[in-house]
Amino acid sequence: FCERKKNGDKPMQLQYSRAFGGKDLKPYGLSNLCGVKIFPKRSQSGTQIRAIVLASDGLWDVCTSSQAARIVQICVRLGSRDPAAELVKFALQEQQSRGVAADNVSVIVVVPPSK
């Protein structure tokens, strides 16, 4: 997208391209093929993975991974809050407090069962 803008193009179809892998953006690395990653139950250091946060840049532009982990930990410990919803709420509040234009925020939190 940015490369096309540098070349003088006026690309305005990034949204559909992200969803369907628009053929005119494939030379720039956009693809409709999904990636699959299998995570071990323990990290390389041997600690158990407690949660996986999948999120759009709307979260990561205003939230560090440490902040996200802390929010998820609190939600899991309390057991009464949806960690994904709390991260979205945090991102929207941060965007507003920083006075930046609101970006789309999508978050999925996977919390594997503890044994």
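Leu54, Ile108 and Val110 come together as a nonpolar patch on the surface of this predicted model, and their accessible area adds up to about 250 Å². Leu54 belongs to strand 1. With a relative accessible area of 46%, Leu54 is partly exposed, because that value lies between the 20% limit for buried and the 50% limit for exposed residues.

Let's step back to the whole chain for a moment. The protein has 5 helices and 2 strands, and read from the N terminus they follow the order α-α-β-α-α-α-β. Of its 115 residues, 22% are buried. The accessible surface amounts to about 8800 Å², with 55% of it belonging to carbon and sulfur atoms. Among the contacts with a separation of 6 or more, 48% join residues 24 or more positions apart.

Helix 4 is a good place to look next. How does the distance between its end C-alpha atoms fit the expected span? The helix has 14 residues, 65-78, so at 1.5 Å a residue it should span 20 Å, and the end C-alpha atoms are indeed 20 Å apart. Its buried residues are Ala68, Ile71, Val72 and Cys75. Viewed down the axis of helix 4, these buried residues fall within an arc of 95°, so they line one face of the helix. That set of residues packs against strand 1 (52-55), helix 3 (57-60), helix 5 (83-98) and strand 2 (107-110). Just past the end of helix 4 you will find Gly79, with a positive phi of about 70°.

Now turn to helix 5, one of the elements that the buried residues of helix 4 pack against. Glu86 is found in helix 5. Is Glu86 buried or exposed? At a relative accessible area of 19% Glu86 counts as buried, because the limit is under 20%. Leaving aside residues up to four places away in sequence, Glu86 touches Ile71, Cys75 and Arg81; Ile71 and Cys75 are among the buried residues of helix 4.

Glu86 also has a charged partner. Side chains of opposite charge can pair when their charged atoms come close. Lys89 forms a salt bridge with Glu86, and the closest N and O atoms are 3.7 Å apart. Both residues lie in helix 5, 3 residues apart, which is about one turn of the helix. Lys89 is partly exposed, at a relative accessible area of 43%.

The count comes to 2 salt bridges, and the other pair also sits in helix 5. Here Arg98 joins Glu94, with 3.1 Å between the closest N and O atoms. Arg98 and Glu94 are 4 residues apart, again about one turn of the helix. Arg98 is partly exposed, with a relative accessible area of 47%.

Glu94 leads us on to Val62, in the loop between helix 3 and helix 4. Val62 and Glu94 are 32 residues apart in sequence, but their C-alpha atoms are 6.3 Å apart in space. Val62 is buried, at 6% relative accessibility. Beyond residues up to four places away in sequence, Val62 touches Gln67, Phe90, Ala91, Glu94, Gln95 and Arg98, a list that includes both partners of the Arg98 and Glu94 salt bridge.

Gln95, another of the residues that Val62 touches, is in helix 5. Gln95 is buried, with a relative accessible area of 3%. Besides Val62, Gln95 touches Gly58, Val100, Ala102, Asp103 and Val105, again not counting residues up to four places away in sequence.

Technical notes
Residues numbered from 1 in each chain as written. Predicted model: local features only at pLDDT ≥ 70, side-chain atom pairs only at ≥ 80, totals over all residues. Heavy atoms only, no water. Expected span 1.5 Å × (residues − 1). Buried < 20%, exposed > 50% of the residue type's maximum accessible area, 1.4 Å probe, protein only. Arc of directions from axis to C-beta. Contact = heavy atoms within 4.5 Å. Patch = residues over 30% accessible without salt bridge, like charges linked within 9 Å, V, L, I, M, F, W, Y side chains within 5 Å. Areas by Shrake-Rupley, 256 points an atom, 1.4 Å probe, with all protein chains shown as cover. Salt bridge = Lys/Arg side-chain N within 4 Å of Asp/Glu carboxyl O.
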